Amino acid sequence: MLKILVRRLVSALFTLAFVAVVVFAVAEALPGDACTAYLGRLAQGERLDNCRASLDLDQPAAKRFVHWARDLAQGDLGNSLKRKKPIEEIVGPRFRNTVILGTVAALIGIPLAIVLGVFAGVYRDKIPDFVISGVSLLAMTIPEFVIATLLIFVFAISFQWFPAVTILPTDAGIREILPNIVLPVITLAFVMTAHILRITRASVIDAMHSEYVKMATLKGVPFRRVVFRHMLPSALLPTINIVALTIAWLLSGVVVIEKVFNYPGLGTLIIQSIFDRDLPLVQAIALMFALIYIAVNLIADLLVILLNPKLRSQVSGEGG
Amino acid sequence: MRSRFTGRFMACLLLLSACAGLAQAATLRLAYDAGFGGAESLDPYSPTRFFFTTQAMYNRLVRQEDDGSAGPDLATSWSVSGDARTWTFHLRDGVRFHSGKLLSAQDVVYSLYHALDPERGSPVRSTLKIMDRIEAVDRLTVRIHLKSAHADLPLLLLDQRCGIIPEGSADSIERTGDGTGPFRLVENDPEGVTVLEANPGYWEGPPGVERVEIVAIPDQVAQIQAMLAGQIDYLPSINRRQLKLFENHPGYIVQTIRTGHWPGMVMRTDMVPFDDPNVRRAMRMVVDREDMVRLVLGEGGGEPSCDTPVWAGDKYHAQRHCPQDVGQAKALLSEAGYPDGIDVDLYTSSVDKSFVSMAEVYQNQAASAGIRVKIHQVPADGYWTDTWMQEPFVATRWNQRPADQILNEAFRSGAAWNETYWHNAQFDRALDRARKEVNEKRRRELYVRTQQLLYDDGGALIPFHLNVNRVFSSKLRNLPPETELFVRWQYIGKTENEE
Amino acid sequence: MRVATQTGPVNAGAASAGPGRFRRVKPVMRTILSRPSGMAGAVLVTFHLLLVIIAPVIAPYDVTQQDADRILEAPSMAHWMGTDSLGRDVLSRTMLGGQVSILITLAASLIAAVWGGAVGVSLGLVGGRIDEVCMRLVDAFLAIPGLLFLLLIVSFAGGGVFALIPTLSFFNGISVVRIGRGAAQSVAARDFITAARVRGHHSRFIIFREMLPNLQDILLVEWAMRWSWMMLAFSSLSFLGFGASPPTPDWGLMISDSREFLTVAPWAGFWPALFLSTLIIGINLFADALGKALYVDRENRAPG
């Protein structure tokens, strides 16, 4: 078990390093450099030279990468061009806010999705299934910004029940944040629920057709008992990894939701830093998103190992 | 703000119907776009000064009067020597900084030297560089010696950055915001919610509201929605189209304010074909400026300008009419050797929203005189390095500046941003003389003359100055439609919902 | 309903018999259209594809023509869906608003399915060390936030929206590699392949005659799904200001522009939102039905 854990961690680190290389390479391949991009009208003469010197842009790329990677390994992300502050200071609270938004949405979305998914799966092709599947199809296909805009229109502007945009001090505590993010959480949870629900439903349907469920039914075990004792554990366990992938995928889409609600997270920060042409900051945020992705998947891996007695003793798992 | 929605939310849960108008202590909430992304500094001289807070926390020596001239603020009166090189300012007695310190001449001397410090890189430094020596004559008298004559020094000190800070505060002021103004700092949080409170000892009397909250909302649409949802009271700028949302609505007041900002199209006077003054005149003459305002900005979106960078709110603005004259333009062109019309390339970009539509309208209007304009739209990135001041005919934009400043920065021979590469000795001489001229009437004549020279010979096509629209809650009182840069926050009051 | 065979990703019995790939089109379409949801999906997709072709001809107004006197006008006889904030005709713009996004996402999803499928299937068949290394790379690439790269490339590299095609197809193709590989592995392990081997067929024969028809089905469904996700992604990009650029009519952009005027002119945003959503719903329904008709399971996996 410990061996699997170490392997997973090592491969996570490997992935992170890989993302760092790619991010750096892409930033390097883009036309212009951080200084011409950032300075715009002022990118001339001394000012440009100073900027380049301050970022070591006069050095060869390989050397700069080594420097950047070394600082990165020590947890130093460098300085933002525009904000003239260490990037950790800027990204820290934003990272936390995005994680809060995602976590709250997941805490609502996952249980809801499992309940509804099981319900729809068990009553497959009956009315509850049609309603649940139909709504979830809508949630998956209507763009988030449309849902978000509608929510703002109805609940913030017409009824004025909830704030339309998030107005928060940077150091706001979670108790202060929660009442301010009702609408963004609903939007994200809605989409998240729909995706996970579909996975759960399909998995439940598979399990319903499995041999042992059939056997149990034949043996005369009560239906409810079959569902809760036999079917659910075996149906849900294999979905953990897929659910994690889905959540990670949705989190990169949080950019849109954050933008609509003016939420001070990584998503709004990335848009601003791209508009500002603040490449060092963009690189750092890309790494943060990769980190979230890796962490979510790692948590899922650990959960699977913990919950599955068979895997706990078995060593190797497949890479894919 | 911290407790507002928590409170409102709880109240909603308890009593769904009563949450519309919970009374609060009078708090003014403004949205701003967090344009410096958290690098906002409370030092009013900083290149990244936190605009709304510095406006509310500091006083200048002078303040802008409605006619555009400088009136008393921290200075109650001033005088100038006959050669316009020595200025003496008398300060208001009994004014205190937020920290309690009494304002003295030393603070003013310190503030102005702070502005001149090249290390600080204040944008106002280039304007104030003509100051040679600043001294405190006594506790309440400051004398400024200039390197060269300038008869309008108070106008330069009107710059919104020239707030007075306490002596010795250069390194701490960006965090403390210790000014003499109507509001003092409670919490500085430029990317979240910055909180100011009324300065009870303010020398004009206590301000009209108890708190000011400056809220960072970078996204324009989010600002609008916050306004519609009642989360903020004041939006400094909305576009013409957004007016529709707030016009004829009892909850909001909309104001249109003239400004000195302008976009334009500039020709390099050192390059063919624009080295011929007749071509330049013809190019400018074909413009129907009223029509261009309507098409580019919408009705009332701007004030037509006759190629003068000095805006109508400036006391040195030269009034004139410049109707479209296609016949004259054609005549000038054939005189210049283009009897069959002329082909020109106009470079523009999306760096400014109005550039492209301005270029298209110009293309349309110029065609009538046989000027065939080919529009090149280049990427926004690198526009200011690779295109502007490089290509012979490009779109440009400038923010509002006082007459003397814009004429010197953009049109004097050899100025770094002389984008038309224009050299006119008469113009330069007139500018020099205007600065020395102590008699205000004659000074005005000189500035008007410089604008006449620009109109006759210059390479800048300046079709209009922009208007801005602002919207605020009808709960706010005493917000007259002055210029956008000089709102007097201390007078604004707010009526809270009684319910 | 007796589709109890949905468990595996592939049902061998479905297709292996037919050598001609087009002979199957008719029965598959019939199966799709026999379900109400499949029917609805097919109708919606067809409607939108037709619109891309005929909208330029039948649109009543020039989509870029502004009218300062008719800003945000309510629907009328002259403008059936009203006008937007620049006085442009919402009906015309909505009709043409899918053009750019549909073309780009169709192209990008096809490229993604083809390259991802080819690489994935090859890896699945080759196996061994190369496969292992490549899959490690694929896993690592999946950790890269694709949306972010789209934003970066659009805003820095220039070249307009068509610069999106390579990026979109690259990142989506990465996910397809996994699907293709898994499918190839499971098909290779199926009885009928083993049977073919035993019969002594050439491996080339096995790949082209026996395996490809099956893999084709999987990749076809995968492509349809990718297409719908790409439509979502593209509209998000446009919405954020990184996709189609004004004055091009584009649904995402139109919704974004109309958002602030929702209180006074809901029509300017409603119609593009409706069109965009119906297309994506249509693709999804169609992909679902296609998957069921081809016995390809598409529900039990993650997007992205």
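Me: What makes the meeting of the side chains of B:Asp219 and C:Arg259 a salt bridge?
Reply: The rule asks for a side-chain nitrogen of Lys or Arg within 4 Å of a carboxyl oxygen of Asp or Glu. Here the N to O distance is 3.4 Å, so the pair passes. Side chains of opposite charge can pair when their charged atoms come close. Bear in mind that this is a predicted model, where local features need pLDDT of at least 70, side-chain atom pairs count only at pLDDT 80 or more, and totals for chains, interfaces and linings use all residues. Residues are numbered from 1 along each chain as its sequence is written, chains are lettered from A and ligands numbered from 1 in the order in which they are written, and side-chain values use heavy atoms, with hydrogens and water left out.

Me: How many salt bridges and polar contacts does the rule find between chain B and chain C?
Reply: One salt bridge, and two residue pairs in polar contact, both at pLDDT 80 or more. A polar contact is a pair of N or O atoms within 3.5 Å; within protein, one must be able to donate a hydrogen and the other to accept it, and residues adjacent in sequence count only if both atoms are side-chain atoms.

Me: Which elements of chain B give two or more residues to the side that touches chain C, after those two polar pairs?
Reply: Helix 7 (220-228) and helix 8 (243-246) of chain B. Helix 7 gives the most, with four residues. By class, that side of chain B has four nonpolar, two polar and four charged residues. Helices (H or I, at least four residues) and strands (E, at least two) are DSSP runs, numbered from the N terminus. As for the classes, Ala, Val, Leu, Ile, Met, Phe, Trp, Tyr, Cys and Pro count as nonpolar, Asp, Glu, Lys and Arg as charged, and the others, Gly among them, as polar.

Me: How do you know how much area chain B and chain C bury?
Reply: Take the accessible area (1.4 Å probe) that the two parts lose on being put together, summed over both. That comes to about 1,000 Å², with 54% from carbon and sulfur atoms. On the chain B side, B:Arg241, B:Lys244 and B:Leu245 lose the most, together 52% of what that side buries.

Me: And what about chain C against chain A?
Reply: With contact meaning heavy atoms within 4.5 Å, 49 residues of chain C touch 55 residues of chain A. The two chains bury about 4,800 Å² between them, 74% of it on carbon and sulfur atoms. The rule finds one salt bridge there: A:Arg198 with C:Asp288, whose closest N and O atoms are 3.2 Å apart. That distance falls within the cut-off, so the name fits.

Me: What makes A:Asp301 and A:Arg8 a pair that ties separate parts together?
Reply: Their side chains meet in a salt bridge at 3.2 Å, N to O. A:Asp301 sits in helix 15 (residues 279-307) of chain A and A:Arg8 in helix 1 (residues 2-29) of chain A, so the pair links parts that are 293 residues apart in sequence. Over all chains, the count comes to 36 salt bridges.

Me: Why is the space lined by B:Gln55 and B:Tyr58 called a cavity?
Reply: The name is given because, on a 1 Å grid over the protein atoms alone, a 1.4 Å probe fits at a set of points but cannot get out. A volume is the space filled by probe spheres set on the points, and grid points are joined across faces, edges and corners. The structure holds 13 cavities of 30 Å³ or more, and the largest has about 230 Å³. Lining residues have an atom within 4 Å of a point. The largest cavity has 18 of them, with B:Gln55, B:Tyr58, B:Arg60, B:Asp73 and B:Val487 nearest its centre. Helix 2 (51-57) and strand 2 (62-64) of chain B each give two or more residues to that lining.

Me: What makes the link between B:Arg435 and B:Asp404 a polar contact?
Reply: Their side chains come to 2.8 Å, which lies within the limit, so the pair counts. B:Arg435 is in helix 15 (residues 425-436) of chain B.

Me: How do you know which peptide bond is cis at B:Pro273?
Reply: Omega is about 0 degrees for the bond joining B:Val272 and B:Pro273. B:Pro273 lies in the loop between strand 13 (262-267) and helix 9 (277-285) of chain B.

Key
1 Å grid on protein atoms, 1.4 Å probe; cavity = no way out; pocket = protein on both sides within 12 Å on 5 of 7 lines; lining within 4 Å.
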